[in-house]
Amino acid sequence: MQTLFSPAGEAAMHEALSLRPLLALDFDGTLAPIVGDPSAARASARTAEVLSRLVRQLPVAIVTGRAVADVVGRLGFNPQFVVGNHGAEGLPGTDLRDLPPELDLWRARIMGDFRAQLEQAGVMIEDKGHSMSFHYRHAPDREAARDAIHAAIRALQPAPRVIGGKCVINLLPADAPDKFRAVSTLLRISACGSVIFAGDDLTDDVVFEHAPAHWLTIRVDEKPGSRARFSLSGQHQVLSFLERLEAMTATSMLSPD
Ligand SMILES: O=P(O)(O)OC[C@H]1O[C@H](O[C@H]2O[C@H](CO)[C@@H](O)[C@H](O)[C@H]2O)[C@H](O)[C@@H](O)[C@@H]1O
């Protein structure tokens with residue numbers, strides 16, 4: 001994996017733009033910096049300004065672990081697509097109100113039998129309709145908090161798919177679409193020729209792992225062993241990446257050669 005701000009990264013951006021790409025972006029840790037309180041996360045005004053111009057050049061999708069209704073007010077611009085719950089919510093053709101029945105069973109079990117232990121361990125439960133997240137960023141003992149979360153997960157029927165993250169453990173129905181499936185579906189719907197995808201977290205790895213070679217995949221925060229083609233050194237570089245992309249759209253998309 002090499003840095004996007006390199007000759008190879010520039011060439012890859014030109015190549016991707018010549019194919020009329022879908023620009024698909026993760027939210028937390030990519031468009032918005034990681035903050036201690038999930039309800040305080042926002043894309044910066046400058047990021048929103050660049051993206052509100054880019055949506056006129058390219059289809060833009062937000063593909064986030066958050067619920068759709070939660071993320072839309074944090075963006076500051078209107079993308080063509082918003083898919084939430086790690087790919088499980090909001091794909092065109094699905095109904096936002098169709099909630100998976102497993103969540104009712106899990107919610108009842110967790111709130112009935114595990115809520116007190118989880119709260120005592122400093123775990124914050126985020127119920128997102130199509131998935132649940134257990135945050136342990138502020139737990140006094142993170143290992144004890146993770147143990148409490150895994151004890152609760154082991155009691156759930158049917159067994160959920162478990163995705164880790166930044167001080168968070170997420171539960172989804174085993175057959176829920178993941179971010180790769182979501183991005184692939186949006187690519188087909190938007191009739192684009194490629195994808196530019198940026199993400200920073202374990203929930204984004206499935207895209208890096210399965211992306212065809214012509215997709216431009218970017219890991220925000222370098223991670224050894226990541227299957228992304230390029231990296232940014234942190235969320236602070238995302239605005240520069242978007243500005244560079246905007247500057248290149250004028251030429252690259254007009255001259256595919
Ligand atoms: O796929 P993403 O858009 O990256 O969403 C992943 C999770 O992001 C949020 O949690 C993370 O960000 C919070 C705010 O910076 C931070 O406080 C927390 O520790 C992180 O795990 C969100 O709350 C989750 O629902 C998402 O699944």
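Domain bounds here come from an automatic or database domain assignment. On that basis, the protein chain is divided into domain 1 (2–95 + 176–249) and domain 2 (101–172).

Two ground rules. Residues are numbered from 1 along each chain as its sequence is written. The model is predicted, so local features need pLDDT of at least 70, side-chain atom pairs count only at pLDDT 80 or more, and totals for chains, interfaces and linings use all residues.

Back to the domains. Their C-alpha centres lie 27 Å apart. How many residues of domain 1 are in contact with domain 2? There are 15, and they meet 15 residues of domain 2. Contact means that the C-beta atoms, placed from the backbone, lie within 7 Å. The domain 1 side of this divides into 6 nonpolar, 6 polar and 3 charged residues. Ala, Val, Leu, Ile, Met, Phe, Trp, Tyr, Cys and Pro count as nonpolar, Asp, Glu, Lys and Arg as charged, and the others, Gly among them, as polar.

Now the ligand. 23 residues surround it, each with its C-beta atom, placed from the backbone, within 6 Å. The closest are Phe 27, Asp 28, Pro 38, Thr 64 and Gly 65. By class, the shell has 7 nonpolar, 9 polar and 7 charged residues. Which domains supply it? Domain 1 and domain 2 each give at least three residues. Strand 6 (132–135) and strand 8 (168–172) each supply at least two. Strands (E, at least two residues) are DSSP runs, numbered from the N terminus, and so are helices (H or I, at least four).

Stay with strand 6. Strand 5 (residues 124–127) pairs with strand 6 in the antiparallel sense, over 4 bridges; pairing takes at least two bridges found by DSSP. Met 124 stands opposite His 135. The two strands form a hairpin with 4 residues between them. Gly 129, in the turn, has a positive phi of about 80°.

Next, the unusual backbone spots. Most residues other than glycine have a negative phi, and most peptide bonds are trans. Cys 167 has a positive phi, near 55°. Cys 167 sits in the loop between strand 7 and strand 8. Is Cys 167 buried or partly exposed? Partly exposed, because 17 other C-beta atoms lie within 10 Å. Buried takes 20 or more, exposed 12 or fewer, partly exposed is in between, with C-beta atoms placed from the backbone. Asp 221 also has a positive phi, about 80°. Finally, the peptide bond from Gln 157 to Pro 158 is cis, with omega near -10°.

Notes: Two residues are in contact if their C-beta atoms, placed from the backbone, lie within 7 Å.
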